[in-house]
Amino acid sequence: MNPVRVGRARAHANIALIKYWGKLPKEGNYPAVPSLSLTLDGLVTTTEVAPQTNGDQDQVLLDDQELFGPKLARVSALLDRCRQEAGVTERVRVVSHNHFPTNAGLASSASGFAALVGAARMAFGLDITRPVLSAEARRCSASAARSVYGGWVTLDVGAEAAKPLADGDYWPLGLLVVQTTKSEKPLGSTEAMNHTRATSPYYDSWVQTAPKLHAEARAALTARNLTHLGTVMEQSTWMMHACLLAARPGFAYFTPTTLAVTEQVRALRNQGEAAYFTMDAGPHVKVLCHAERSLALMARLREVPGVVEVTLCTPGPGLELAEGGGARW
Ligand code: PMV
């Protein structure tokens, strides 16, 4: 009998309010700065890992497209670790789907690798306790470690695994994803982080300042103080992007439309709205606000010339696992 069974998992994307940007200079993909995130409802990846019945190689299908080259290698590296730990050699077939609003432009690596780790470890009959799942997800993509948990999550400097801080229903906030283009991001986060560390004169001060921003964000979360949280979130965002701007050669993820959205958020704040922006390794903007103001703000963000779409997200759950066909999803 094949020792591999069917494992299924569902994970949600998360957005970092305090950014992870930079790896410790050692093997294992450990973050050089602490990050703090919110896992979001609605932005979901579902993944199934099953015994391979179609040849003697791992096969990976993402949104019905088979993966090859470096993308396949990144998944196979995880599967190899699972095989080694389980003491088996069986190959598997991975089928994964991103159920994101059309072209939301959100990084899917966090939900993607969290779901993959869950489904794979279940398929190989390995330990599926949360800290183990989060540590394995971190090795694949550090932000994925945070998607193992729902709601508010921290990933500390050099940590093996992320830790939950508060459930999603702790604070009724909304996060508006403002899509500014339909084109793909031009530079991957790992490449950009390594380039920043190697060439940016601002990198050391980023690494020194990030823990202070993280501590402030934790205090703001405890106090449910959106003004304070939003203010440090924006500083973390600009500092991360400033590091990359100052690299050699410098690089900007943001576009004129990105900046126009940040201007609109500032204008809304001047009108008394509690709205704060952040940007990741791409040109889109995410706006944090009180849940009850999210629909009104959505309309105002849609007015900005160049904005393609605005999607409302709310705090969401952590990684869910199901064996075989037992899942409702
Ligand atoms: O985990 P990665 O390699 O996809 O990097 C994520 C980097 C940012 O999204 C920019 C910040 C973060 O903390 O998620």
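## Close-up views of the ligand shell and a four-stranded sheet

**View 1. Helix α4 gives the most to the shell around the ligand, contributing 3 residues.** The model shown is predicted. The shell holds 14 residues, of which Tyr20, Ser141, Ser143, Arg146 and Ser189 come nearest to the ligand. By class, the shell residues are 7 nonpolar, 4 polar and 3 charged.

**View 2. Oxygen atoms of the ligand lie close to polar atoms of Tyr20, Ser109 and Ser141.** At Tyr20, a polar backbone atom is 3.0 Å from a ligand oxygen. For Ser109, the distance from an N or O atom in the side chain to a ligand oxygen is 3.2 Å. The corresponding side-chain distance for Ser141 is 3.0 Å. The protein buries 93% of the 380 Å² that the ligand exposes when taken alone. Two or more shell residues come from each of α4 (142–147) and α5 (189–199).

**View 3. Four strands form an open sheet in the order β9-β10-β8-β11, with antiparallel pairing.** Strands β9 (275–278) and β11 (309–313) are at the edges and have a single partner each, so one side of each lacks a neighbour in the sheet. From one strand to the next, the twist averages 25 degrees. The antiparallel pair β8 (residues 173–179) and β10 (residues 285–290) is joined over 6 bridges. In this pair, Leu173 stands opposite His290 of β10.

**View 4. Helices α8 and α9 lie across strands of the sheet.** Helix α8 (residues 256–270) crosses β8, β9 and β10, and runs at about 160 degrees to β9. Helix α9 (residues 294–302) lies across β8, β9, β10 and β11, at about 165 degrees to β11.

Conventions:
Residues are numbered from 1 along each chain as its sequence is written. This is a predicted model: local features need pLDDT of at least 70, side-chain atom pairs count only at pLDDT 80 or more; totals for chains, interfaces and linings use all residues. Side-chain values use heavy atoms; hydrogens and water are left out. Two strands pair if DSSP finds at least two bridges between them. Axes are lines fitted to C-alpha atoms, for helices over the stretch in contact, and angles run from 0 to 180 degrees between N-to-C directions. Contact means heavy atoms within 4.5 Å. A residue is near a molecule or strand if one of its heavy atoms lies within 4 Å of it. A polar contact is a pair of N or O atoms within 3.5 Å; within protein, one must be able to donate a hydrogen and the other to accept it, and residues adjacent in sequence count only if both atoms are side-chain atoms. Accessible areas come from the Shrake-Rupley method with a 1.4 Å probe; for residues, only the protein chains shown count as cover. Ala, Val, Leu, Ile, Met, Phe, Trp, Tyr, Cys and Pro count as nonpolar, Asp, Glu, Lys and Arg as charged, and the others, Gly among them, as polar.
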